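I'm opening a fresh page for this one. I'll jot down what I look up as I go.

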Amino acid sequence: MSTHAPHPTSPSATDSAAAPLVEMRGITKIYPNGVLANHEVTFAVRAGEIHALVGENGAGKSTLMKILYGMERPSAGQIFLRGKPTTIHSPHEAITQGIGMVHQNFMLVPSFTIAENIVLGTEPSRGAFVDRRAAIAAAAQLAQQYGLSVDPEARVDVVPVGMRQRVEILKALYRGADVLILDEPTAVLTPQETHELFTAIQRLIQVGKTVIFISHKLHEVMEISDRISVMRDARLVGTLDKHEANERLLAKMMVGREVFLNIEKTPAQRGPLVLKVRNLEYATETGVEVLKGVSLSVYAGEILGIAGVEGNGQTELVEVIAGLRTPLSGVIELNGKSIAGLTPRQVRQAGVAHIPEDRLTNGVALTASIQENLIVDRYTREPFTRGGLMRPAAIARNSEALIEAYAIRAPDGSLPVGALSGGNMQKVVVARELSSQPKLLIAAQPTRGVDIGATEFMHEQLVRARNAGVAILLVSADLSEVMSLSDRLAVMHAGRIVALFPSTEGLTEEEVGLYMLGTKTMSQSEIESHW
Amino acid sequence: MEQALQAIFSATFVAAVLRVTTPILLPALGGLIAELGGVANIALEGIMLISACAGVLVSIATQSEWLGLLAGLAAGIITALVLAFFHLDLKADIILSAIAINILASGGTIFVVFLLTGDKGSTSALVSRQMPFIEIPIIKDIPLLGPILSGQNLLTYIAFIAVAGVAIFLYRMRAGIHLRAVGENPDAARSVGINVRSQQYLALALSGALAALGGVYLSMGYVKFFARDMTAGRGFIALAAIFLGGKTPLGTMIAALVFGLAEALSVQLGNLRVPNQLVQMIPYIATLIALVVYALVQRQRAIAHQRRFRQAPTP
Ligand SMILES: Nc1ncnc2c1ncn2[C@@H]1O[C@H](COP(=O)(O)OP(=O)(O)OP(=O)(O)O)[C@@H](O)[C@H]1O
Ligand SMILES: [Mg+2]
């Protein structure tokens, strides 16, 4: 079924000594819906290297790797392993040929233990029964061997994200993977966890494994990889050695134009107080106290950043302010009026816009069209509704204008949002929120999983809104992002604000890191002096 | 009243509870397997009815209870496989397909009975065989326990043994573990080479088999004939038992026993001078109350947690 596409750059037989461990030649993939995801891609990985694969959202990276892992079949092209042509029609066949993959979205069974997840599908057994003790022993032994610490008997749904990822890696190693594909492994990790992951990857290389690594974070790519392949619009536009590459060049190859990695911004013109939060307390339904007296102020025309290791209450803080969770006690005022305990719609009508952290579940309705997603917060109002009936023409006009203004890459507004790439989905959310003309914008992880071009765009939009006098509360796990965007910076740790810097001038990531880890805290009076 | 209390606190009453729990417990265990496999089977009611009917008709024709049992089992499994085929291969909605099966079972069984016997109500005019009742030596002579544990129908024993069997299957055996993995995260299962479709076929087939045993028990254990709509909602009560039981085999059994108790009570009170219609409502009302109590308990628990936090001194 696969026809070998002739390719001018096929390696000659003479350098077979350097025959790559994995070679994908002339791979083309057209999805049933007609999307061309890979176009005559030739991609080679040498034994024992860390090979990074970068590219914008929707460039076709995951598709290429799914083909290598047998989850998708190429429309054309051929795969060679150790110089020999091969076919991989299922993950099972990939596994038996020594290829393992850790997916962008974790593939774990939540209620199973770590050991059960690691051995799933190839359990050590006695007859029809699973030998649980052997499974636990195997998991523990493997974890020890590769220095990937996990607790084999813990349930997967209660352990932190970093450990879940180690479970995924161990799962692949347990099945004897020599080539390990990691699809955006660091998108969900804290800087510390990323560091641990990199150490583990180095160790894997030392014992003779080969790693393919996908990431949007170019500094990570430069830090860890030996070679880097860049994809753009379904094509592979080049493979570079690390010493030939730098972040600026990679960004340019990915986007096809010069990208500005530094954020240009003028000093803030601080206006009146917009958001006042005092002694905010919140506990989950199961009684875990998450916010233990958070106080902060955001003024018109400034960006207040909140740095912190994820899971220290940032998510809950944002959702309490946005009206999605009810606080136990405390003050939340917008322009002097309390908005605590209001419904999300009332909070929005008071002038709060919210770019949620999890865009797939809270930011967009995946099966609804772009048009519909762009009016979900205002469809009850003029000009979208008149006399209780929706007005399609007005709705279409609105979406055309926003698609244009926010450079959303979509043929037209009737497309379901689920068909867009991650970066374009995020643009839909940003377009809706900013066009609501808010007094306060809460942006939670606005650039997570978003490619470099779209990230640049988000940053521009945030700064532009700030300059127009919007008060912005920015929460991000990406330390360099909050530090470069924020005018003032707060650090959250264990449900409290532990530091508040009146300016990010001269502040180092190391310094902020100490507060993030809770090793340092500012005195309450010093924090209050910067309110 | 005194008479009623006496009846309730007797060994015969406990034995009756086990007897009426059987046709709830068996389909509930089947439904549990399907539920955990990610293919909620709400056709339990219809499958029971079809099996009850097939069992009796074959047993009448062959005068063999074993062939009747086999026929009931086969009918139940085939019906479940039809549901699986609609859902897994033809991609039909499983709830709608199951509703169709339930409706078809209700009308279809009585149609077949009419064709074969000329009676639109039941097969009670004909002699069916019954699954054996088993006297356990020694145990049957123990006072009090004897009449409870001994002399039950074979299928009642099978139902309670199946609780352990299903637990072992789901938590210790490869097939059961794969089945649960498929139910919880099909993508994860698929990515490690587990065949999702065949696991779900297996889950539905097993649920069909267990529901079939429940149906056969109704027509060839509990009584000796098939009657129109004789399942009387037990297939749905079984579904409630699964959720009340927290989707575990043991919990499901306990929930089924509670419903069994309610039904035994209604039978017992039916002998007294209480209006029949009221008494017959008991099992259904018990189901409703149980579900409401369950929801309230869940909520109360959450509120209690919040309160505990509120009262904790702020550091
Ligand atoms: N199953 C699918 N069916 C149809 N189209 C798909 C499917 N999966 C991906 N696509 C489309 O194929 C293109 C490439 O997607 P792919 O997931 O490979 O991109 P990516 O480079 O991994 O992007 P990201 O960085 O956002 O993960 C996109 O336009 C995407 O919308
Ligand atoms: Mg991807």
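My entries below go through the ligand, chain B, the aromatic pairs and a few spots in chain A.

**Before starting**
I remind myself that this is a predicted model.

**Entry 1: around ligand 1**
I began with the surroundings of ligand 1 and found 16 residues there. The closest are A:Asn57, A:Gly58, A:Lys61, A:Ser62 and A:Thr63. Then I sorted the shell by residue kind: five are nonpolar, eight polar and three charged. Which helix gives the most to this shell? I looked it up, and helix H1 of chain A, residues 61-68, does so with three residues.

**Entry 2: polar contacts of ligand 1**
Next I went through the oxygen atoms of ligand 1. One oxygen atom is 2.8 Å from an N or O atom in the side chain of A:Asn57. For A:His216 I noted a similar entry, with an oxygen atom of the ligand 2.9 Å from a side-chain N or O atom. At A:Ala59 the partner is a polar backbone atom, and the distance to a ligand oxygen is 3.3 Å. How much of ligand 1 does the protein cover? I get 74% of the 640 Å² of accessible area that the ligand has on its own.

**Entry 3: chain B and its record**
I turned to UniProt for chain B. Its unreviewed entry lists residues 7-26, 38-60, 67-88, 94-116, 154-171, 201-223, 235-261 and 281-297 under "transmembrane region". I checked two of these stretches in the model. Residues 38-60 of chain B are 74% helix and 0% strand, with the end C-alpha atoms 38 Å apart. Residues 281-297 of chain B come out as 100% helix and 0% strand, and there the end C-alpha atoms are 24 Å apart.

**Entry 4: aromatic pairs**
A note to self: a pair of aromatic rings is described by the distance of the centres and the angle of the planes. I count four aromatic pairs over all chains, and I wrote up two of them.

Why does the pair of A:Phe198 and A:Phe213 count as edge-to-face? The ring planes stand at 75°, and the cut-off for edge-to-face is over 60 degrees. The ring centres are 5.7 Å apart. This pair links distant parts of the chain: A:Phe198 sits in helix H6 (residues 191-206) of chain A and A:Phe213 in strand S10 (residues 210-214) of chain A, 15 residues apart. Both A:Phe198 and A:Phe213 are buried.

A:Phe501 and A:Tyr515 are also edge-to-face, at 5.5 Å centre to centre with 80° between the planes. Here A:Phe501 belongs to strand S24 (residues 496-501) of chain A and A:Tyr515 to helix H17 (residues 509-516) of chain A, 14 residues apart. Are these two rings' residues buried or exposed? A:Phe501 is buried at 8% relative accessible area, and A:Tyr515 is buried at 7%.

**Entry 5: A:Met516**
I stayed in helix H17 of chain A, where A:Met516 lies. Its relative accessibility is 4%, so A:Met516 counts as buried, the cut-off being under 20%. I also looked at A:His493: A:Met516 is 23 residues from it in sequence, but 5.9 Å from it in space, C-alpha to C-alpha.

**Entry 6: helix H9 of chain A**
Last, I checked helix H9 (residues 314-321) of chain A. Seven of its eight residues are buried, so the helix is largely enclosed by the rest of the structure. Among the buried ones are A:Gln314, A:Glu316, A:Leu317 and A:Ile321. Just after H9 of chain A, I spotted A:Gly323 with a positive phi of about 85°.

Methods
Residues numbered from 1 in each chain as written. Chains lettered and ligands numbered in written order. Predicted model: local features only at pLDDT ≥ 70, side-chain atom pairs only at ≥ 80, totals over all residues. Heavy atoms only, no water. Near = heavy atom within 4 Å. Polar contact = N/O pair within 3.5 Å; in protein donor to acceptor, adjacent residues only side chain to side chain. Areas by Shrake-Rupley, 256 points an atom, 1.4 Å probe, with all protein chains shown as cover. Helix = DSSP H or I, 4+ residues; strand = E, 2+ residues; numbered from the N terminus. Nonpolar A, V, L, I, M, F, W, Y, C, P; charged D, E, K, R; others polar. UniProt positions renumbered as here; feature names shortened; annotations may be inferred. Phe/Tyr/Trp six-rings, centres within 6.5 Å; stacked < 30°, edge-to-face > 60°. Buried < 20%, exposed > 50% of the residue type's maximum accessible area, 1.4 Å probe, protein only.
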